[in-house]
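Hi there,

Here is the structure I promised to pass on to you. Have a look at it first, and then read on for what turned up in it.

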Amino acid sequence: MTVYVCEDSFDGILCGVYDAWMSRKGHDHVRLEIGGTGDMELFCEYAPVPVLPEKTEKVISSIRRKISERVYKKVYTASLSQEPGRADIIYRFLIDGFRYGEGVLSMLHLPSVFELFRLCRFVLNESHLLKEFARFSRTEEGLLVSRIGPKNDVLPMLALHFADRLPSENWMIYDENRERAVLHPADGEWFLVRANDREWMMGLDWKTDEEEYQAMWKMFCQTIAIPERKNYVCQRNHLPLRYRPYMTEFQG
Amino acid sequence: MLIQENLSVQEKLKILTDAAKYDVACTSSGVSRGGKNGYMGNAEASGICHSFSADGRCISLLKILYTNQCIYDCKYCINRCSNDVVRTSFTPDEVCKLTMEFYQRNYIEGLFLSSGILYSADYTMDQIFQTLWKLRRELRFNGYIHVKAIPGADPALIEQVGYLADRMSVNLELPTAEGLRNLAPGKTRDKILKPMRQIQRGIAKQMEQEGILLPEQGKGHRMISTGEAEGKLPSDGSGLPSFGGDGTVPNDRSRVQSLSGERRPAPVRWGVAEEKAGYSTGPKLRLGRSRYGTYGISRVSGKRDYFVPAGQSTQMIVGATPENDFQMLTVAEALYRNFGMKRVFYSAYVSVNEDSALPILPGGPPLLREHRLYQADWLMRYYGFDAGELLSERQPNFNLFLDPKCDWALRHLGQFPVEVNRAGYETLLRVPGMGVKSVGRIVTARKTGVLTFADLKKMGVVLKRAQYFITCSGKLMNPVRIDQDYITSQLLGDERRKAWDIQHKDSYRQLSLFDDMHLEGAGIDLPS
């Protein structure tokens with residue numbers, strides 16, 4: 001068994017797919033793993049996968065050409081998942097993908113397809129919940145700042161959503177778990193930055209002068225509930241506790 | 001009436017939120033509209049909830065009244081003119097500012113503006129129009145707006161508002177004209193149905209202009225072309241069933257005939273066979289779509305104004321008047337069929353006023369009944385059920401212990417079990433434990449392979465319920481008897497607990513050493 005250790009990124013996983021496939025050792029004799037996840041195993045050979053743009057390009061273009069654009073989107077979505085085994089799940093899915101073509105998307109009874117869809121579902125569900133639950137606060141400079149702590153790497157999806165929603169505002173969303181942020185200048189294009197890029201991350205420390213609207217929002221949320229119908233279980237089902245520390249109405 | 005003018009925005013928001021909270025509809029769905037530079041906001045067809053309040057209802061829109069002053073004296077309403085509550089009113093500027101500020105912080109998906117009647121219906125509608133105009137035109141707000149049409153307002157005003165809003169609604173409040181007469185002296189059914197009809201026509205006209213087909217004639221909505229239908233469509237209540245005192249539907253013999261399933265002709269399978277047999281099943285079901293079609297533009301470009309693109313909705317109060325579930329459901333069905341409603345909402349009556357005409361509900365609001373009505377509502381829109389299949393005059397109320405679909409399936413065991421690998425979409429939808437999503441997955445997956453029970457489980461089928469009604473490759477999951485009593489007892493255990501939870505939440509008692517009710521009951525004197 002050869003284990004290909006990929007870098008934790010979409011490009012990294014695709015390079016792993018390329019190396020594992022081109023090694024010609026047979027699909028049963030290779031496995032993909034994200035570096036730093038899981039324990040080392042005996043009787044395995046570990047091969048680190050260097051990220052090379054031309055390999056990524058080759059894999060992407062063959063997915064899009066030989067399978068379909070929709071499959072490519074699915075694979076990208078799955079790569080944003082938090083699941084440690086995502087690289088191997090994507091690899092197994094692509095084996096079936098190249099075998100059956102686009103039709104693979106309807107073969108839900110294949111374990112590889114089911115697994116990939118499971119990852120996608122979690123990513124899409126969480127990104128939808130964060131479209132709902134992300135909260136901005138306005139700094140004195142006029143920047144809207146939001147902090148989130150998602151399990152999956154949903155930042156790119158949120159960026160697309162909010163870039164459409166607030167095109168003429170300056171805003172940033174900071175992912176605490178990955179220490180990455182997306183920045184959006186008013187009427188401009190959004191981009192991702194890492195936490196060590198201090199220049200961009202200054203916005204996080206800017207003071208917000210928010211008390212007026214935060215107080216009104218909290219009051220609104222309390223008043224809108226009908227006391228005769230109170231149902232905390234229902235509330236928790238819809239709004240899990242892990243999102244609440246980031247939400248205005250549940251702070252303080 | 002004294003209107004408090006010198007309140008701060010915070011105080012007004014508190015009063016007018018409190019007054020608006022009994023309105024149930026808070027959906028932001030039905031329209032998708034991309035954002036554009038220089039404007040704020042977009043809209044997603046699925047709708048986005050932004051928070052959930054302590055009662056578990058979603059907070060999607062800034063749901064407020066424009067004013068809680070009202071000239072009417074509806075007995076069930078907290079804002080009736082005979083109640084002594086602090087009255088206040090927003091100004092258009094205040095509503096706009098609040099909406100914009102909340103929206104950019106991602107607190108809300110848009111605005112839901114309702115109102116009491118200040119001075120007159122026309123005056124109130126005009127204030128609402130001013131607010132919306134300011135919000136859309138001056139502040140360039142591109143998010144979701146749901147607004148109430150005030151019954152009795154000038155149709156020209158309602159039309160103007162319709163071009164600024166995404167969804168409009170007029171509350172039917174009570175399912176029968178009689179109930180309305182008793183509890184809402186200022187309102188009549190005609191007055192409520194008139195703006196509903198106007199909005200429906202406006203939407204139909206808009207759809208025609210955009211070249212979107214309305215649902216087929218005679219299979220759902222009655223009207224196709226507005227011009228032609230103008231004469232046919234009465235603006236009074238004849239689109240809705242009128243009930244005699246005993247809850248029968250006297251004027252419509254053919255309907256009553258089709259309601260009782262037993263009298264149907266021989267082929268009782270659903271779908272094509274039934275239509276041939278002369279039994280109208282309504283519009284054909286499409287995968288994951290409401291059978292009443294999309295009544296509204298739904299996808300808009302944002303470059304022009306559209307008339308109520310997200311369609312219209314309405315609301316009925318459950319439990320304030322003695323109507324039974326069958327009547328409620330028949331009215332809802334008629335609203336979907338004849339008024340092109342996108343949604344009908346049900347609101348369990350919460351006792352806010354004391355009045356001799358109102359029921360006393362010692363057990364709190366009828367939440368389980370409301371829950372069953374919503375379940376049935378979904379069955380009608382997405383699962384192809386008719387109101388008359390779920391309930392009948394002989395069984396006018398829902399089974400408290402079984403959900404409507406299980407109940408129906410148990411009464412029609414002769415049509416089960418069905419073979420998962422072969423049965424049609426409409427047939428599978430009627431199996432308890434299967435939903436629109438899981439059936440969609442089954443239909444896709446079985447094209448390329450044979451499904452087993454393990455596959456079904458992965459696809460989200462609730463086998464606990466479904467196992468009695470399906471076979472995979474000709475085999476049941478467990479060797480069970482297809483016997484009504486046996487299956488009922490198997491299904492009941494689980495359902496009963498859920499039903500109990502809905503009606504009796506927070507009734508658990510913490511164990512305590514010092515205060516034991518059983519000791520008192522046993523006649524033991526406790527030292528006080």
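**What turned up**

Setting aside neighbours within four places in sequence, V17(A) makes contact with V59(A), I90(A), Y91(A) and L94(A). Before going further, please keep in mind that this is a predicted model.

V17(A) is also a good way into the core. The largest nonpolar core has 186 residues, and V17(A) is among those with the most contacts inside it, together with I90(A), L158(A), M172(A), I173(A) and L329(B). Which helix gives this core its largest share? That is α10 of chain B, residues 325-339, which supplies eight residues. As background, nonpolar side chains in soluble globular proteins tend to be buried together.

**Where the two chains meet**

The contact between the chains involves 48 residues of chain B and 40 residues of chain A. On the chain B side, at least two residues each come from α1 (9-20), β3 (51-52), β4 (58-59), α2 (92-104), α15 (436-445) and α16 (453-458). The biggest contribution to that side is from α1(B), with five residues. Sorted by class, the side of chain B that touches chain A has 17 nonpolar, 18 polar and 13 charged residues.

**A helix of chain A to look at**

Try finding α8 of chain A, which covers residues 211-223. This helix has 13 residues and spans 18 Å from its first C-alpha to its last, close to the 18 Å expected at 1.5 Å a residue. Which of its residues are buried? They are W217(A), F220(A) and C221(A). Looking down the axis of α8(A), you will find these buried residues within an arc of 95°, so they line one face of the helix. E211(A) and E212(A), on the other side of α8(A), are exposed. Chain B helps here too: α1, β3, β4 and α2 of chain B are included in what covers the buried residues of α8(A).

**The domains of chain A**

Chain A is assigned domain 1 (2-122), domain 2 (134-209) and domain 3 (211-252). The centres of domain 1 and domain 2 of chain A, taken over C-alpha atoms, are separated by 30 Å. Four residues from domain 1 of chain A and four residues from domain 2 of chain A take part in the contact between them. On the domain 1 side of that contact there are two nonpolar, two polar and no charged residues.

**Chain B, from the whole to the parts**

Chain B has 528 residues, and 46% of them are buried. Its helices number 19 and its strands 14. Of the contacts in chain B with a separation of 6 or more, 72% are between residues 24 or more positions apart.

The domain assignment here gives domain 1 (1-168), domain 2 (170-237 + 247-349 + 366-398) and domain 3 (404-503). Where domain 2 of chain B touches domain 3 of chain B, domain 2 gives 20 residues and domain 3 gives 15 residues. Both α11 (367-382) and α12 (387-390) of chain B supply at least two residues of the domain 2 side, and α11(B) gives the most, with eight residues. That side divides into 12 nonpolar, five polar and three charged residues.

One residue to pick out is I442(B), in helix α15 of chain B. Is I442(B) buried or exposed? I442(B) has 24 other C-beta atoms within 10 Å, and 20 or more make a residue buried, so I442(B) counts as buried. Leaving out residues up to four places away in sequence, I442(B) touches V420(B), L428(B), L451(B) and M459(B).

**Some backbone details**

F416(B) and P417(B) are joined by a cis peptide bond, with omega of about -5°. You can find P417(B) in the loop between α13 (404-411) and β13 (418-419) of chain B.

R24(A) is not a glycine, yet its phi is positive, about 60°. R24(A) sits in the loop between α1 (10-22) and β2 (30-34) of chain A, and R24(A) is exposed, with 8 other C-beta atoms within 10 Å.

V308(B), also not a glycine, has a positive phi of about 40°. Its loop lies between β10 (299-300) and β11 (312-318) of chain B. V308(B) counts as buried, with 31 C-beta neighbours inside 10 Å.

Enjoy exploring, and write back with any questions!

Best wishes

Terms used:
Residues are numbered from 1 along each chain as its sequence is written. Chains are lettered from A and ligands numbered from 1 in the order in which they are written. This is a predicted model: local features need pLDDT of at least 70, side-chain atom pairs count only at pLDDT 80 or more; totals for chains, interfaces and linings use all residues. Two residues are in contact if their C-beta atoms, placed from the backbone, lie within 7 Å. Helices (H or I, at least four residues) and strands (E, at least two) are DSSP runs, numbered from the N terminus. Ala, Val, Leu, Ile, Met, Phe, Trp, Tyr, Cys and Pro count as nonpolar, Asp, Glu, Lys and Arg as charged, and the others, Gly among them, as polar. Domain bounds come from an automatic or database domain assignment. The expected span of a helix is 1.5 Å times one less than its number of residues. A residue is buried if 20 or more other C-beta atoms lie within 10 Å of its own, exposed if 12 or fewer, and partly exposed in between; C-beta atoms are placed from the backbone. The arc is that of the directions from the helix axis to the C-beta atoms. A nonpolar core is a set of buried Ala, Val, Leu, Ile, Met, Phe, Trp, Tyr and Cys residues joined through C-beta atoms within 7 Å.
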